[in-house]
Structures are given as C-alpha cells and as structure tokens.
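Biologist: I would like to learn how to read a few features of a model. Please begin with how exposure is judged.

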Amino acid sequence: MFNIKTSLFARTKDLELTIDKLHDKIIEMTMLFKEAIDVYLKEQRSDNYRKISKKIKTIEHESDIMRRDIESRLYRQNLVPDMRANILQLVENLDRVINLFDDVAHKFYIEQPDIPEKYHDQLKNLVRQVADCSENMAIASRAFFRDLVTLRDYSQKVFLLENQSDKTSAKLRKALFDSDLDLARKNQINRFVEEVADIADLAEDCIDSLLIFAIKREI
C-alpha cells in the first residue's frame, strides 16, 4: 500500500502549481504565526504585531482566492473527475487551517489577553508544536499528489506533533487553573490556549482525510 509515485495532475500542471502555492501559503502562515505570538508576548498589541497581523490577513485573503480558482477549474475543465470530490475537500481543509491561524491571530489583536510571563515559554512551545504540525500536514498534502510513501511518513509526524500539543496544552491549562489569577482571566487565557491547540487538531483531521483519499487512489 502507498507505493504510488506519479503525479495526479500529469496533464494539468497549472492546477498542480496553484495547489502547490496553497501549500506554500500554509508553510508561510506557520512561520508568521510563530513570529506573531512571540511578538505579542513581548509587546502586546504593538505596531510590530499589527504589521504581522496584516501579513497574516493577506495570506488568508490570497488563499481564499486560490481555493476558489482551484474549485472553479476542477469543474470548468472537468479535471480528474474520479477524484474531484476528494481534491475539493482537501483544498477546503487546507483553507480551513489557514483561516484558523488568521482567526486566532486576530483574536489576540482584538481581545489583548494579559498572559503572565511565567506561562510564556509553555505557550510558545505550544505554538511551535502547532505550527510544526500544520507545516508537516502541508508537506504530507503536497505529497498526496506525487508520492504516497512521503504522505505516510509526514502523516506520522503530524500525529506525533498533535499528541505533543495536546499534552502541552493540558499541562498549561492545569497550571493556569491552579494559579491565583481571577476566574475571568483564567477563562480568557484558557480559551486562547484551546484555540491555538485546535489548529493542530484540525491539521490532524486533514491528515485523516488525506489517508482515506490515498487508499481510494490505490483501489
């Protein structure tokens, strides 16, 4: 199983390139998100954070345009009809991950949670795990179109990183609720921790779907 190493889009290179760019956007988003949270923890809602937030929003907007273009071409040009529904779901899943990064970054900007410094390292570790999980998901998704062996390998990395992020978020949330912070502040920070961790959960869901699509390719 998972021995296919031929491109799914051998005759539609333009479409393949567009999907590749969507994967690139996820990887770019993970880098910006890590930078954004690092800046926020140091400077709160500063000009630097505002600039990074705008870059994140630009990526989200560009990704939406790519998604609509891919969906339109799949139908208009009647491409890969046997796998069209799977590819549409894959592209929509990628876009959902990008949207969630943007949504969380924007909530930091709007709500400005006051996170005590003693939790900064744990939160940055969680953000790194979530970003790495999403980056590996993008690499696995790219491999779906070319090399299913690579898809399997990077899928395992996603599962591992998602599991690590679950443990990190649980540890951080326990420390938070064991603290002397008032309940409202605990609840606000806890919600942000959960929403960051949710990105890794969504990346794992994308991989679950990808592995099912890969099995369908081999049947």
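Modeller: A residue is buried under 20% relative accessible area, exposed over 50%, and partly exposed in between. The model here is predicted.

Biologist: How does Q112 rate by relative accessible area?

Modeller: Q112 has a relative accessible area of 34%, so Q112 is partly exposed. This residue sits in the loop between α3 (84-111) and α4 (120-144). Its phi is near 50 degrees, a positive value in a residue other than glycine.

Biologist: Where is Q44 found, and what is its phi?

Modeller: Q44 lies in the loop that joins α1 (13-43) to α2 (47-76). Phi of Q44 is near 60 degrees, again positive in a residue other than glycine. With a relative accessible area of 29%, Q44 is partly exposed.

Biologist: How should I describe the two helices on either side of that loop?

Modeller: Two packed helices are described by the angle between their axes and the distance between the axes. For α1 and α2, the axes come within 9 Å and cross at roughly 160 degrees. Angles over 145 degrees count as roughly antiparallel, so α1 is roughly antiparallel to α2. Their crossing is left-handed.

Biologist: Which side chain of opposite charge is nearest to E204?

Modeller: That is R96, 12 Å away. A salt bridge needs a side-chain nitrogen of Lys or Arg within 4 Å of a carboxyl oxygen of Asp or Glu. E204 is buried yet has no salt bridge.

Biologist: Which residues does E204 touch?

Modeller: Leaving aside residues up to four places away in sequence, E204 touches V158, F159 and E162. E204 itself belongs to helix α6 (residues 183-218).

Notes:
Residues are numbered from 1 along each chain as its sequence is written. This is a predicted model: local features need pLDDT of at least 70, side-chain atom pairs count only at pLDDT 80 or more; totals for chains, interfaces and linings use all residues. Side-chain values use heavy atoms; hydrogens and water are left out. Helices (H or I, at least four residues) and strands (E, at least two) are DSSP runs, numbered from the N terminus. Buried means under 20% relative accessible area, exposed over 50%, partly exposed in between (1.4 Å probe, protein chains only). Lys and Arg count as positive and Asp and Glu as negative; His and the chain ends are not counted. Contact means heavy atoms within 4.5 Å. Axes are lines fitted to C-alpha atoms, for helices over the stretch in contact, and angles run from 0 to 180 degrees between N-to-C directions. Angles under 35 degrees count as roughly parallel, over 145 as roughly antiparallel, 65 to 115 as roughly perpendicular and the rest as oblique. A crossing is left-handed if the near helix is turned anticlockwise from the far one by less than a right angle, and right-handed if clockwise.
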